[in-house]
Amino acid sequence: IAAKKIIATLILGASSVFYQKKQQKKLQARADQAKRDMEGYRLNFGDPAAVRSFLLASSIRTSGPVIYSYVQGGYLILVIPLSTQSVSWTTTKTMWIDGEQVTLDRDQSNGWWSPSSGKYSYPYTSGFWVSARILYSQWDSQIGNGLIGGVLDLPNLAAQWDNTHKCTGFSYAVVYLGYNQSLYQGLPDLSFEVIPSASSTTQTNMGTDLGNPATALYEYMITYLGESSGNIDLSSFQAARNRCDETVSGKKRYQIRQEFDTDETPQQIMDTILDSMNGDLIRSGAKWYLKNNYATPTITLTESDLVGPISMTTRRSYADAFNRVVGLYKSTAQDDQPQTYPPVVDSTAVTQDGETITYTLDLPQIPEPEQAQRVALIELKKNRLEIVLQVKSNARGIALRAGSTVSLTIDRYGWS
């Protein structure tokens, strides 16, 4: 070993990672995806072959296609899939009917809930009442028996909803409507506020809150990509989780609130999760590491540690530069409707560039304006760090991996 040099390649300013979000290459793809995501929560549209979704959020408003409907007399029964994972009601048991928020505060037993008052309560006077329950990966035997929480007895339904309707592998809402077709034309639009459940492995290692981006990423890798927990560096993921949970002015530093389709690519999904916490996912050796925070350098490389020529890029293409960031986030305070977060501006960079150059960064997976601003600010700072240096190091570089922060002393450039 003494006769040979051990070579390690380091890229300073743009980490040499196997999987890391690359800012410039992703701009258009991310903008296109954000545009689709900004369209809002999913509407039910009666397509039984529709793509199912999964949810990464502390709680989220969602819906799905109607996969089963049954009409008897003045009653309409709908089955609506919500997610590939188990979900549950929030404490307030909230749903929306044609955009109107309704609280289901009346326990009708056996998991059925309905409003205790208002125009959607039972018995109805406006031609419409509602009762709903949520199940996961099971046949609803109550429907099979033609019983609705002790309110209705529909014996003909049992023959229609037999135990071949297994609903395996997804959560779904069953909704019973007292429905006067002379007053309401077509199916109502129904959506629900639910809490997605983490897998047992995620709960043990990372906790239950899928609104934490680090926990959400761990859940996605373990549950949906089938990654072994032994291939994930748990300490780095837990450190990133704790960073996300830090409070800044009374709000968590980073959160995610997003619904994903199961036909989206893993790269699209992981990029969206990583963007929500300014994170990098790094493959080093046989493990995945997560980094979403600056780490004080513990190693300083000098010219005596470098082997071979130094490659340096000092300027970013003008076409790729920007000094102002604007965009949308999806506001929980406004029923998940897109809102504009305050612009982020680098006034020094505006002076240097001689003009304001605006980049639009939509962040539909982020629920709070301060969190969106924080992500936008870091993207802006990364864009203005224009020096990219590529060097080869001797054996001292072995202590570093992609994503590491290192100090560099090179006299010829005046760096120390």
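**Entry 1. A three-stranded sheet**

I count two strands as paired if DSSP finds at least two bridges between them. The model I examined is predicted. With that criterion I looked up an open sheet of three strands, whose order is 26-23-27 and whose pairing is mixed. Strand 26 (344–345) and strand 27 (358–360) are the edge strands; each has a single partner strand, so one side of each is left without a neighbour in the sheet. I then followed the contact between strand 23, residues 324–326, and strand 26: the two pair in the antiparallel sense over two bridges. Within this pairing I noted Arg 324, whose bridge partner in strand 26 is Val 345. I recall that strands of a sheet pair through backbone hydrogen bonds, either parallel or antiparallel.

**Entry 2. The chain as a whole**

I next took the overall figures. The protein chain has nine helices and 29 strands. Of its 416 residues, 48% count as buried. I also looked at the contacts in the chain with a separation of 6 or more, and 72% of them are accounted for by residues 24 or more positions apart. For the accessible surface I recorded about 19300 Å², with 49% of it belonging to carbon and sulfur atoms.

**Entry 3. A hairpin and two positive phi values**

Which strands form a hairpin with two residues between them? I found strand 7 and strand 8 in that arrangement, with Asp 98 in the turn. The two strands run antiparallel and are joined by four bridges. One of the pairs I noted is Thr 94 with Thr 103, the latter in strand 8.

I turned to phi, keeping in mind that most residues other than glycine have a negative phi. Asp 98 is not a glycine, yet its phi is positive, about 50°. I placed Asp 98 in the loop between strand 7 (94–97) and strand 8 (100–103). Its relative accessible area is 48%, so I entered Asp 98 as partly exposed.

I made a parallel note on Ser 249, also not a glycine, with a positive phi of about 55°. Ser 249 is found in the loop between strand 16 (247–248) and strand 17 (251–252). Is Ser 249 buried or exposed? I entered Ser 249 as exposed, because its relative accessible area is 78% and the cut-off for exposed is over 50%.

**Entry 4. Aromatic pairs**

I listed the aromatic pairs and obtained 10 in the structure. One of them, Tyr 218 with Phe 237, is edge-to-face, at 6.0 Å centre to centre and 70° between the planes. Tyr 218 lies in helix 5 (residues 213–224) and Phe 237 in helix 6 (residues 234–245), so this pair ties together parts that are 19 residues apart in sequence. I checked the cover of both residues: Tyr 218 is buried, and so is Phe 237.

I then compared the rings of Tyr 220 and Tyr 224. Their centres are 5.9 Å apart and their planes stand at 20°, so I recorded the pair as stacked. Both residues lie in helix 5, four residues apart, about one turn of the helix. Tyr 220 counts as buried, at 4% relative accessibility, whereas Tyr 224 is partly exposed, with a relative accessible area of 26%. I noted further that Tyr 220 and Tyr 224 belong to one aromatic cluster with Phe 54 and Phe 260.

**Entry 5. Charges over rings**

I looked for charged ends over aromatic rings. That of Lys 93 sits over the ring of Trp 113, 4.2 Å from its centre. The charged end of Arg 401 sits over the ring of Tyr 289, 3.7 Å from its centre.

**Entry 6. A buried serine**

Where does Ser 191 lie? I located Ser 191 in strand 15, residues 190–196. Ser 191 is buried, with a relative accessible area of 0%. I then examined its side chain, which a polar contact of 2.9 Å joins to the side chain of Arg 61.

**Entry 7. Cover of helix 7**

How many of the 10 residues of helix 7 are buried? I found seven, and entered the helix, residues 266–275, as mostly covered. The buried residues are Ile 269, Met 270, Asp 271, Thr 272, Ile 273, Leu 274 and Asp 275.

Conventions
Residues are numbered from 1 along each chain as its sequence is written. This is a predicted model: local features need pLDDT of at least 70, side-chain atom pairs count only at pLDDT 80 or more; totals for chains, interfaces and linings use all residues. Side-chain values use heavy atoms; hydrogens and water are left out. Buried means under 20% relative accessible area, exposed over 50%, partly exposed in between (1.4 Å probe, protein chains only). Contact means heavy atoms within 4.5 Å. Accessible areas come from the Shrake-Rupley method with a 1.4 Å probe; for residues, only the protein chains shown count as cover. Rings of Phe, Tyr and Trp (its six-membered ring) pair if their centres lie within 6.5 Å; planes under 30 degrees apart count as stacked, over 60 as edge-to-face and the rest as tilted. A charge sits over a ring if NZ of Lys or CZ of Arg is within 6 Å of the ring centre and within 35 degrees of the ring normal. A polar contact is a pair of N or O atoms within 3.5 Å; within protein, one must be able to donate a hydrogen and the other to accept it, and residues adjacent in sequence count only if both atoms are side-chain atoms.
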